[in-house]
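Grab your viewer and work through these short exercises. Try each task before you read its solution.

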Amino acid sequence: MKIIEYISGAIIPIAISIIIFYGLIEKKNVFDIFLIGAKEGIDIVIKMFPTLIGLFVAIGLLRISGILDIVVAMFFPIIKKFQIPEAIMPLILLRPISGSAATAVATEIMNTYGVDSFIGLITSTIIGATETTLYTITIYSSCIGAKKTRFVLLAALAGDFIGVFISILIWRNLS
Amino acid sequence: MLNVLWPIFIISSCIYSIFTGKVTKINDALFYSAKEAVNLCITFIGTITLWNGIMRIAMETSLTQKLKKCLHPILKYLFPEINKNEKINKEISMNMIANILGLGNAATPLGIKAMKSMQEINEKKDTLSNSMIMFILINTASLQIIPTSILAIRSSLGSQYPTKIIFPIWISSACALITVITITKILLKRRKH
């Protein structure tokens, strides 16, 4: 437990030092380059902002109205079979469809159960370990106009499922 | 997709809550959620701006060249059909590097470029080729050294150990990636026979 915390904590400082060190060795104007990248970063967040607002409100409404509970209840057999914590089911359902919706739902879950709780840690790990599968497939196959995607969706969802399963497994054994 | 889901989410919640007598709660939720999104975005501005700046430095140094060299044997294994096409190889590895560094916004345009180049050597234009399938699937299960946005969310919610999840995320996403690659390799081999 302590070791994982320590390794995880050391990753960012190590990565940042290596990168800046390399820049220095190759005699780049490190700070100027940093500023160019940082400016792009602000653009990314500003572009993301309207989507996040829209989906945060939608997810907030779903939760308060109780509809989310009804939908989760429909998946009860699956939840039981794979021993998935009920609280993270909305995240599992939305994760492949929309990144912003998944962010909204994850934030709600972590707000309710606590960021550093068992549920909060699983939620964080799932968000980090999986991708917006459906969106990715749609973008890449539509950009070349391919209609027959063969087994892509199936394989991608299998990957997501394993990602979720391992995330739960890890925290079940650690906490 | 969201053009369908978003209205369903909002209308069904509103109507359902009117019938179950939760109207005041719905009003609170509207404003609370909007505020919550703003809070998160403010944290995002800090983390993502910082990280994008750092990664920009990585992109300008020879670190990316080194990563590309490391990726070369992996690409050879994953995409046997485009082995000799230098252009496609380069585009695929740039996309993978952007994903690994967590520059999702840079990764997508690079990926689209790679898809279009692969389409040029694709025999059936309306069907995804083997390499395209592998490429898309790797993108749906890509590894990321620093999962920036989840770190931002965790610190905006006041986590005591925001970075605690990095190592577990590596393990889970590596498992997902291996699953996806194995399934693809098996299914592609089976269809050949």
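**Exercise 1.** Which helix gives the most to the nonpolar patch?

Solution. Start with the ground rules: this is a predicted model, where local features need pLDDT of at least 70, side-chain atom pairs count only at pLDDT 80 or more, and totals for chains, interfaces and linings use all residues. Residues are numbered from 1 along each chain as its sequence is written, chains are lettered from A and ligands numbered from 1 in the order in which they are written, and side-chain values use heavy atoms, with hydrogens and water left out.

Now list the members: A:I78, A:F82, A:F161, A:F165 and A:L169 make up this surface patch, with about 410 Å² of accessible area together (Shrake-Rupley, 1.4 Å probe, only the protein chains shown counting as cover). To join a patch, a residue needs over 30% relative accessible area and no salt bridge; nonpolar side chains (Val, Leu, Ile, Met, Phe, Trp, Tyr) are linked within 5 Å, like charges within 9 Å.

Then assign elements (helices are DSSP runs of H or I, at least four residues, numbered from the N terminus). A:I78 belongs to helix α4 (residues 76–81) of chain A. The top contributor is α9(A), with 3 residues.

**Exercise 2.** Work out how the rings of A:F161 and A:F165 are arranged.

Solution. Over all chains there are 5 aromatic pairs (Phe, Tyr or Trp rings, the six-membered one for Trp, with centres within 6.5 Å; planes under 30 degrees apart are stacked, over 60 edge-to-face, the rest tilted). For A:F161 and A:F165, the ring centres are 6.2 Å apart and the planes sit at 20 degrees, so this pair is stacked. Next, check the backbone: the two residues are 4 apart in helix α9 (residues 152–174) of chain A, so about one helical turn separates them.

**Exercise 3.** Find the salt bridge made by B:R56.

Solution. Searching all chains turns up 5 salt bridges (a Lys or Arg side-chain nitrogen within 4 Å of an Asp or Glu carboxyl oxygen). B:R56 pairs with A:E40 at 2.7 Å, N to O. That contact crosses between chains, from helix α2 (residues 23–60) of chain B to helix α2 (residues 30–65) of chain A.

**Exercise 4.** Decide which element of chain A has the lowest mean pLDDT.

Solution. First count: chain A has 9 helices and 0 strands. Its mean pLDDT (predictor's confidence per residue, 0 to 100) is 91, with 99% of residues at 70 or more. Helix α1 (residues 2–25) of chain A comes lowest at 87, and helix α7 (residues 118–129) of chain A highest at 96.
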